[in-house]
Amino acid sequence: TGWLHSCRASLLGSPCNRPDASLMAARPHENARWRPQVLQTFLTGLREGLEAALVVSILLTFLVRAERRDRIAALWGGVGMAILLSFGFGAVLHFTSASMSFEAQEAFGGFLSIVAVGFVTWMVFWMKRASRTIKGDLHGKMEAALKLGAAGVFLAALLAVGREGLE
């Protein structure tokens, strides 16, 4: 299970038995296998963050052009809540897997990988179909949200950004 598992366990109250640098140098293969995962996670987060920023900029531009600056605070409130929910969901996944056995972690990771592939595949087909009309769709949803008031704008931002965060 290695020192990483014991450090995860330290979050639950047991001490972290991290090896010193000489032990790490003696086992470089343990460090090397984490590098691709970190890069992959970083690139995925970067891509989803850019997509969320694009959605927010479209919604924000719509509110400014529609001269509804009074609803910008509700938009940012929805964005903030979506970010908090995304981090919370990530924390639940992380701490759930940290308390599992190695075999259960592998099964959990495999299941989540299959779910992620399903999401990405669905998004590819959805983007192909909706790429030309995404701006119009978002504007239509924001017009409907404006009719509901600040709560509608908050909910529209929450759902639009939350979807990107959960991916």
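A helix is here a DSSP run, H or I, of at least four residues, and helices are numbered from the N terminus. By that rule E48 belongs to helix α4, residues 34–65. The exercises below concern a predicted model.

**Exercise 1. Determine how many helices and strands the protein has, and how its contacts are spread along the chain.**

Solution. Step one is to list the elements: the protein holds eight helices and zero strands. Read from the N terminus on, their order is α-α-α-α-α-α-α-α. Step two concerns burial: 25% of the 167 residues count as buried. Step three takes the contacts with a separation of 6 or more, of which 62% are between residues 24 or more positions apart.

**Exercise 2. Decide whether E48 is buried or exposed, and name the residues it touches.**

Solution. First, place the residue: E48 lies in helix α4. Next, compare its accessibility with the cut-off, which is under 20% for a buried residue. The relative accessible area of E48 is 8%, so E48 is buried. Last, set aside the residues up to four places away in sequence; E48 then touches E164 and E167.

**Exercise 3. Compare the expected and actual spans of helices α5, α6 and α7.**

Solution. The expected span is 1.5 Å times one less than the number of residues. Begin with α5: for its 27 residues 39 Å is expected, and the helix reaches 39 Å from its first C-alpha to its last. Continue with α6, residues 102–130: its 29 residues should give 42 Å, and the helix reaches 41 Å, which is close. Finish with α7, residues 134–148: its 15 residues should span 21 Å, and its end C-alpha atoms are 21 Å apart, so the two values agree.

**Exercise 4. Find which residues of α7 are buried and where they sit around the axis.**

Solution. The buried residues of α7 are L138, M142, A145 and L146. They cover an arc of only 100° around the axis, and therefore lie on the same side of α7. For contrast, consider G136, which also has its place in α7. Its relative accessible area is 47%, so G136 is partly exposed. The C-alpha atoms of G136 and I58 are separated by 9.8 Å, although their positions lie 78 residues apart along the chain. Finally, look just past the helix: α7 is followed by G149, whose phi is positive, near 95°.

**Exercise 5. Describe how α7 packs against α8.**

Solution. Two packed helices are described by the angle between their axes and the distance between the axes. For α7 and α8 the angle is about 145° and the axes are 5 Å apart. The residues that meet are M142, A145, L146 and L148 in α7, and A150, G152, V153 and A156 in α8. By class, this contact has seven nonpolar, one polar and no charged residues.

**Exercise 6. Describe how α5 packs against α8, and state the hand of the crossing.**

Solution. Start with the geometry: α5 and α8, residues 150–166, pack at an angle of about 35°, with axes 7 Å apart. The crossing is right-handed. Then list participants: those in α5 include L75, G78, M81, A82 and F89, and those in α8 include V153, F154, A157, L158 and V161. The residues of this contact divide into 14 nonpolar, five polar and no charged.

**Exercise 7. Examine S86 and A157, and name the contacts of each.**

Solution. S86 lies in helix α5, residues 72–98. With a relative accessible area of 17%, S86 falls under the cut-off and is therefore buried. Other buried residues of α5 include I72, A74, L75 and S97. Apart from neighbours within four places in sequence, S86 is in contact with G162, G165 and L166.

Turn now to A157, which is found in helix α8. Its relative accessible area is 0%, so A157 is buried. Not counting residues up to four places away in sequence, A157 touches L59, L75, G78, V79 and G162. The C-alpha atoms of A157 and M81 are separated by 9.0 Å, and the two residues are 76 residues apart along the chain.

How values were computed: Residues numbered from 1 in each chain as written. Predicted model: local features only at pLDDT ≥ 70, side-chain atom pairs only at ≥ 80, totals over all residues. Heavy atoms only, no water. Helix = DSSP H or I, 4+ residues; strand = E, 2+ residues; numbered from the N terminus. Buried < 20%, exposed > 50% of the residue type's maximum accessible area, 1.4 Å probe, protein only. Contact = heavy atoms within 4.5 Å. Arc of directions from axis to C-beta. Axes fitted to C-alpha atoms, helices over the stretch in contact; angles between N-to-C directions. Left-handed = near helix turned anticlockwise from the far one by under 90°. Nonpolar A, V, L, I, M, F, W, Y, C, P; charged D, E, K, R; others polar.
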